[in-house]
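Welcome, and please open the structure in your viewer. We will go from the whole chain to single residues, one selection at a time.

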Amino acid sequence: MLMKPDMHVTYQDHVKRGDVWSVEVTLPMYDADEDNSEYLVVLVDIIAPNRKLAEYITSVMYPDHHSIYTSEQPKFAVL
C-alpha cells in the first residue's frame, strides 16, 4: 500500500525560504584536444540551507569540475 504524504515541499517553497543557490560550474570538454582546452559552462540550481553546502554538493556532483562559482545570495521568488 502506497502511503499518501502529509506535505509536499515544492521547488518554489525552497525558493521562498531562500534555500536555492545558483551555481556556475565549468567542466572540461573531454573530446577537446590537449593543446586547445575547451570548457562547458553549466548553471545548476542547488537546494541547500547555505552557500557552503551548495558548493560542496556541486563539487560532489561534478568531481571533474575546473571551477565553481556560487552566487553571493540565494535565489528568491519574484513576487
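How many helices and strands are there in the protein? Colour the chain by secondary structure and you should find 2 helices and 3 strands. Followed along the sequence, they come in the pattern α-β-β-α-β.

Before going further, keep in mind that this is a predicted model. Try colouring by confidence. The mean pLDDT of the protein is 89, and 89% of the residues reach at least 70. Select helix 1 (residues 11-17), where confidence is lowest, with a mean of 94. Then select helix 2 (residues 51-61), where confidence is highest, at 97.

**The whole chain**

Now turn on the surface. It covers about 6300 Å², and carbon and sulfur atoms account for 57% of that accessible area. Of the 79 residues, 23% count as buried. Contacts are worth a thought as well: among those between residues at least 6 apart in sequence, 56% join residues at least 24 apart.

**The nonpolar core**

Hide the surface and select Trp 21, Val 23, Val 25, Leu 27, Val 44, Ile 46, Ala 48 and Ala 54. Together these 8 residues form the largest nonpolar core. Which elements give two or more residues to this core? They are strand 1 and strand 2 (39-47). Strand 1 gives the most, with 4 residues. There is a general tendency behind such a grouping: in soluble globular proteins, nonpolar side chains tend to be buried together.

**Asp 19 and its surroundings**

Next, select Asp 19, in the loop between helix 1 and strand 1 (20-28). Is Asp 19 buried or exposed? Its relative accessibility is 10%, and the cut-off for buried is under 20%, so Asp 19 counts as buried. Show its neighbours: leaving aside residues up to four places away in sequence, Asp 19 touches His 14, Ile 46, Ile 47, Ala 48 and Pro 49. One of these, Ile 46, you have already met in the core.

Add Arg 17 to the selection. Asp 19 and Arg 17 form a salt bridge, with their closest N and O atoms 3.2 Å apart. Unlike buried Asp 19, Arg 17 is exposed, at a relative accessible area of 65%.

**More salt bridges**

The structure holds 4 salt bridges. In general, side chains of opposite charge can pair when their charged atoms come close.

For another example, select Asp 45 and Lys 75, whose side chains meet in a salt bridge at 2.7 Å, N to O. Asp 45 lies in strand 2 and Lys 75 in the segment after strand 3 (67-70), so this pair ties together parts 30 residues apart in sequence. Both partners are partly exposed: Asp 45 has a relative accessible area of 32%, and Lys 75 has 33%.

Move on to Glu 72 and Arg 51, a salt bridge with its closest N and O atoms 3.5 Å apart. This pair links distant parts of the chain, 21 residues apart, with Glu 72 in the segment after strand 3 and Arg 51 in helix 2. Glu 72 is exposed at 53% relative accessibility, while Arg 51 is partly exposed at 26%. Now add Glu 55: salt bridges with shared partners join Arg 51, Glu 55 and Glu 72 into one network.

**Last stop: Tyr 30**

Finally, select Tyr 30 in the loop between strand 1 and strand 2. Tyr 30 is exposed, with a relative accessible area of 62%. Draw a distance from its C-alpha atom to that of Leu 40, 10 residues away along the chain, and you should read 10.0 Å.

Definitions and conventions. Residues numbered from 1 in each chain as written. Predicted model: local features only at pLDDT ≥ 70, side-chain atom pairs only at ≥ 80, totals over all residues. Heavy atoms only, no water. pLDDT = per-residue confidence, 0-100. Buried < 20%, exposed > 50% of the residue type's maximum accessible area, 1.4 Å probe, protein only. Contact = heavy atoms within 4.5 Å. Areas by Shrake-Rupley, 256 points an atom, 1.4 Å probe, with all protein chains shown as cover. Core = buried A, V, L, I, M, F, W, Y, C linked by side-chain atoms within 4.5 Å.
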